[in-house]
Amino acid sequence: MLDSAREAIYALDVDARVQWCNKGVAGLGGYAPEDLIGRRFPQWARPEDHAQLEALFALTLRGEPQSFEMSYFGVDGQLRCAMVDHSPLVIDGRTTGVLGIARDITEIKMERERAAQADKLRALGQLASGVAHDFNNALAAIIGRAQLLSRLVRDATLATHLDVIQTAAADAAATVRRIQTFARQPRVQEFELLNAETLLRDAIELTRMRWEGEARARDLRYDVQLNADAEIYIEGAASELREVFVNLIVNAIDAMPDGEVCRSLAGAGATAFNCFSRTPAGASPKKCASASLSLFTTKGAQGTGLGLFVSYGIIERHRGLISVESDASQGGTTFAIELPAIEAAAAARAPRSQTDQTGERQLSILVVDDEPCVRETLAEFVVILAHRVVKADGGRAALAAIAAEKFDLVLLDLSMPGLNGWEVAKEIRRSQPHARIVLTTGYGPEAAPPIGGDALVDDIIGKPCTFGQIAELIAQMASDMEALRQSAEIVQKAG
């Protein structure tokens, strides 16, 4: 009967040596009875657990049954886990040993750990999503107001500062989108047409305070130059490529604490970005030459070396090449990035961003958002585009506006107290079925509709919304409405 039991059953003498065990010990990492008989019980476990197991065995001999988890090594050397029950063996009133019953719980414990880890990741993902949503609302106001100011400013220096603010905020929005992909499968990266020279100028402006302002305060001079012979276009993610270029400029500056020359160059053909710096102190040319593959840092103990590693991954994802050349005679290192260029003819055919486009007639647009800064910014976008706008600060205010008049377009926030965007959209569809509804949300375009709600909205735009997005949306809608009007006239004349 004991031999046919699934659990491992064994008897230990007063020295903790195995006197007998059943065939169930095979379930404990593949042992056979002859592998264990004569061995001391603690020898199965990790050396650091021997003292604790000896203490538990002594308690059992004194008449105190024990139940405990035990980590042990299987026949293959892999560490496993078992639930063990020890009871004293008493014969004629004298304790002669210990009876043990053990069940392997390795898989059960691993499954519990996986479930606990999944719960932690789910909770962390929900937290990250909520933070990203709130941050996107703030970025929507920053980007929107910066774009509105750019339309009013005529001073070149102020315009440059506003451009830098917009670029940095756009990169922050891209970072938020990466946070939103946490704990869920990210979508395939959608690349856009980019001007290489613009990216490089953005990187120089974003780092200007570092290599110009801070350097001047320390009586140093860094010379950052941009030489672009012709317009070169590439396909990629602007925020990621800017991150690479900014990282290389900052690393070059850190490698030249006494002030040297750092150059960024845009060449012809395959786009190339070259960043030259002196060899950092204590780093041989050979060491610098392998920096793109190792956790190499120019910041000493304060650096992680992850910047170049991340840059390498970004360039590889953009089907590019990053290489390092080190000149021992001059003590300098050059990082070169090559990205596939788009032909000028193809770039010319690419669609440009649309701004200040209005339809043939003025549209009536309802803007619904519980965040005042976002609501006012979107409303000003609509006013600049010469359309009529009505504002609502929540779902119930939106329903009151819908009951009072008809709208061509509704820009509708998703997360609002009381009635959310989906609930408001459902009521709009019922009362004004011809109105276009565009959902704006800090959760991004992946915001899941409720069951059966796929047809409630015409489009979903992730916050922060830009002036160009709103202008293009309204222009496309006005164009569609004009096309429908012309089609209706043709049908009427034909009839």
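How many disulfides does the structure hold? Zero (a disulfide is a pair of cysteine sulfur atoms within 2.5 Å).

This is a predicted model, where local features need pLDDT of at least 70, side-chain atom pairs count only at pLDDT 80 or more, and totals for chains, interfaces and linings use all residues. Residues are numbered from 1 along each chain as its sequence is written, and side-chain values use heavy atoms, leaving out hydrogens and water.

**Stop 1: two cysteines.** Select Cys21. Its relative accessibility is 5%, so Cys21 counts as buried (under 20% relative accessible area; exposed is over 50%, partly exposed in between; 1.4 Å probe, protein chains only). Now pick Cys81. Cys81 is buried too, at 6%.

**Stop 2: strand S1.** Select residues 8–12, strand S1 (strands are DSSP E runs of at least two residues, helices H or I runs of at least four, numbered from the N terminus). Five of its five residues are buried, so S1 is largely enclosed by the rest of the structure. Ala8, Tyr10 and Leu12 lie on one side, Ile9 and Ala11 on the other.

Add S5, residues 94–104. Five bridges join S1 to S5, and the two run antiparallel (strands pair if DSSP finds at least two bridges between them). Ala11 has Leu99 as its bridge partner.

Add S2, residues 18–21, antiparallel to S1 through three bridges. Leu12 stands opposite Val18. Between these strands, find Ala16, with a positive phi near 70°.
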